[in-house]
Amino acid sequence: MGGFAKEKRVLIALLPGDGIGPEVVAEARRALAALAIDGLAFEEAPVGGAAYKAAGHPLPPATLDLVKRADAILFGAVGDPDCDSLERHLRPEQAILGLRKELGLFANLRPAKLFAGLEDASALRPDIAAAIDMVIVRELTGDVYFGEKGRRTTSDGRREGYDQMAYAEDEVRRIAIVGFEMAKRRKRIICSVDKANVLESSQLWRDVVGEVATGYPEVTLTHMYVDNAAMQLVRNPGQFDVIVTGNLFGDILSDQASMCAGSIGMLPSASLRDWSGDNGLYEPIHGSAPDIAGQGKANPCGTILSAAMLLRHSLDMEAQAQRIETAVANALAGGARTADLGGTMSTREMGDAVLAALT
Ligand code: NAD
């Protein structure tokens with residue numbers, strides 16, 4: 001990972017974006033700054049609707065230049081109702097697709113963990129939810145979302161829409177490696193999710209994941225069909241530690257796992273282009289939440305925990321990552337709650353509670 005040497009200047013690009021993005025990124029920045037890491041520098045640039053308003057494009061050249069120079073990127077959220085009538089390529093959300101493409105971010109990591117005290121926030125029974133502590137490793141740049149697609153008319157005159165689902169072996173191999181590297185550092189079990197009983201692309205997925213597994217004899221691999229995985233995630237989520245899966249299945253399962261783990265405001269994510277974490281992008285899973293933007297109500301924990309992932313995956317600073325995660329856990333254990341968690345704290349007060357719990 002990272003290859004971070006202490007003497008080196010480490011640049012973190014801050015892209016706060018729209019809505020609650022700036023509010024939550026400010027708290028994550030405070031948490032990172034409180035660690036007093038030598039050489040850590042921040043540079044900020046606009047993205048999304050804010051960038052469109054400032055520079056006429058959701059991902060302007062200056063922002064792109066910054067993210068390419070940076071060691072890692074901390075991203076808030078994009079999405080602005082003022083931009084709803086813009087042409088599609090100028091909409092704020094296009095910035096995310098542009099960043100993934102420009103930086104080659106093909107691996108999405110989504111931890112889902114239920115913090116002690118938040119059992120009642122889960123959509124599941126508290127005793128079942130309490131066991132949730134997993135990471136979903138989702139392929140991000142292939143699959144049916146990027147296959148040939150279109151509309152056509154069948155020979156008997158019916159309109160038809162089609163989307164080709166395909167995976168090439170190198171695409172599967174590189175995401176499988178990320179999954180196994182993750183598993184190696186956790187409980188050494190990994191579940192690969194596919195639909196190999198029906199889909200040829202899934203059969204190839206299963207074959208290639210099996211080949212990668214031979215390089216990781218210390219990790220136990222199991223396979224599960226996606227329909228069963230969706231059921232098992234609500235029946236017994238505690239059985240999972242690392243799940244590796246394709247773009248479509250991962251999109252659905254990671255949202256499902258998130259809601260099982262509690263509030264959308266609590267959950268971080270990472271998007272990587274390889275296991276080294278160079279140019280990795282870290283963001284909470286939520287959007288810009290225009291309904292509460294500017295009111296100081298947003299829960300900053302998902303972004304603060306994204307900063308912890310940044311330390312772990314891009315800067316190779318596991319101990320510092322754990323300091324932040326422990327501080328969040330202790331703040332929650334001490335009763336700190338924003339409105340989404342049933343409390344009354346403001347975004348800043350929640351950030352203060354996390355800082356106060358840093359040891
Ligand atoms: P959202 O995640 O912004 O909000 C969904 C609900 O969750 C809202 O009620 C919101 O108030 C609440 N919520 C979200 N984050 C919260 C937090 N940190 N603390 C407390 N409550 C929180 O999803 P949406 O409303 O469907 O989308 C709003 C905008 O965000 C849209 O423009 C959408 O395209 C965009 N979006 C962006 C991203 C991203 O930047 N990665 C992701 C999803 C949606």
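**Ligand shell and helix packing**

A backbone N or O atom of Ser288 sits 3.1 Å from an oxygen atom of the ligand. That is a polar contact, meaning a pair of N or O atoms within 3.5 Å; within protein, one must be able to donate a hydrogen and the other to accept it, and residues adjacent in sequence count only if both atoms are side-chain atoms.

Before I go on, this is a predicted model: local features need pLDDT of at least 70, side-chain atom pairs count only at pLDDT 80 or more, and totals for chains, interfaces and linings use all residues. Residues are numbered from 1 along each chain as its sequence is written, and side-chain values use heavy atoms, with hydrogens and water left out.

Back to the ligand. Its nitrogen chemistry next. A polar side-chain atom of His286 lies 3.3 Å from a nitrogen atom of the ligand. For Glu283, a side-chain N or O atom is 3.2 Å from a ligand nitrogen atom.

How much of the ligand does the protein cover? The answer is 66% of the 810 Å² of accessible area that the ligand has on its own (Shrake-Rupley method, 1.4 Å probe; for residues, only the protein chains shown count as cover).

Now the shell. The ligand is surrounded by 20 residues, each with a heavy atom within 4 Å of it. The closest are Glu93, Gly287, Ala289, Asp291 and Asn299. By class, the shell splits into 10 nonpolar, six polar and four charged residues. Here Ala, Val, Leu, Ile, Met, Phe, Trp, Tyr, Cys and Pro count as nonpolar, Asp, Glu, Lys and Arg as charged, and the others, Gly among them, as polar.

On to the helices. These are DSSP runs (H or I, at least four residues), numbered from the N terminus. Axes are lines fitted to C-alpha atoms over the stretch in contact, and angles run from 0 to 180 degrees between N-to-C directions.

Take H1 (residues 21-34) and H10 (residues 301-313). Their axes come within 8 Å and cross at roughly 45°. So H1 is oblique to H10 (under 35 degrees is roughly parallel, over 145 roughly antiparallel, 65 to 115 roughly perpendicular, the rest oblique). Their crossing is right-handed (the near helix is turned clockwise from the far one by less than a right angle).

Next, H6 (residues 169-185) packs on H7 (residues 200-213) at about 50°, axes 9 Å apart. That makes this pair oblique too.

Notes. Helices (H or I, at least four residues) and strands (E, at least two) are DSSP runs, numbered from the N terminus.
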